[in-house]
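Colleague: I am new to this structure and would like a close look at a single part, the largest pocket. Please describe what lines the largest pocket and what lies around it.

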Amino acid sequence: MKFYEINGKRNLCGDRIREARQKKRFSQSELCKLLQLRGIMVERDVISRMESGARIVTDFEAVAIAAVLEVPVLWLLGKE
């Protein structure tokens, strides 16, 4: 599988995930646990790589992250 990068990042939403997580005062581990409760099996290092742009964020992960952080999916993608 070929991975694409834009400006050295593999996702559009990493910075917004970090911003929303910090606004909610969640640690990366807390976000991980809340995602796991929704069936998204990720570890803390995965959240770190998402936020840094080193990992692709799948559509179902983006939807779950937006729900947990109580932000619109389009906001995560920088479209709002």
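Modeller: What follows goes through the pocket, then one residue of a helix that helps line the pocket, then the nonpolar core. The model is a predicted one.

The volume of the largest pocket is about 260 Å³. Its lining is made up of 18 residues, and those closest to the centre are Lys 9, Arg 10, Asn 11, Leu 12 and Cys 13. Two or more lining residues come from each of the helices α1 (14-23), α3 (44-52) and α4 (59-69). The largest share is that of α3, which gives three residues. By type, the lining holds seven nonpolar, six polar and five charged residues.

Helix α3 also contains Glu 51. Glu 51 has a relative accessibility of 1%, so it counts as buried, the cut-off being under 20%. The side chain of Glu 51 makes a polar contact of 2.6 Å with the side chain of Arg 21. Beyond its neighbours within four places in sequence, Glu 51 is in contact with Gly 14, Asp 15, Ile 17, Arg 18, Arg 21 and Gln 28.

One of these contacts of Glu 51, Ile 17, leads to the largest nonpolar core. That core has 21 residues, and Ile 17, Leu 35, Ile 65 and Leu 76 touch the most other members. Two or more core residues come from each of α1, α2 (28-37), α3, α4 and α5 (73-76). Here α4 gives the most, with six residues. Ile 65, again leaving aside neighbours within four places in sequence, is in contact with Ile 17, Leu 35, Met 50, Val 57 and Leu 76. In soluble globular proteins, nonpolar side chains tend to be buried together.

Note on methods: Residues are numbered from 1 along each chain as its sequence is written. This is a predicted model: local features need pLDDT of at least 70, side-chain atom pairs count only at pLDDT 80 or more; totals for chains, interfaces and linings use all residues. Side-chain values use heavy atoms; hydrogens and water are left out. On a 1 Å grid over the protein atoms alone, a cavity is a set of points where a 1.4 Å probe fits but cannot get out, and a pocket is an open set with protein on both sides within 12 Å along at least five of seven lines; lining residues have an atom within 4 Å of a point. Grid points are joined across faces, edges and corners, and a volume is the space filled by probe spheres set on the points. Helices (H or I, at least four residues) and strands (E, at least two) are DSSP runs, numbered from the N terminus. Ala, Val, Leu, Ile, Met, Phe, Trp, Tyr, Cys and Pro count as nonpolar, Asp, Glu, Lys and Arg as charged, and the others, Gly among them, as polar. Buried means under 20% relative accessible area, exposed over 50%, partly exposed in between (1.4 Å probe, protein chains only). A polar contact is a pair of N or O atoms within 3.5 Å; within protein, one must be able to donate a hydrogen and the other to accept it, and residues adjacent in sequence count only if both atoms are side-chain atoms. Contact means heavy atoms within 4.5 Å. A nonpolar core is a set of buried Ala, Val, Leu, Ile, Met, Phe, Trp, Tyr and Cys residues joined through side-chain atoms within 4.5 Å.
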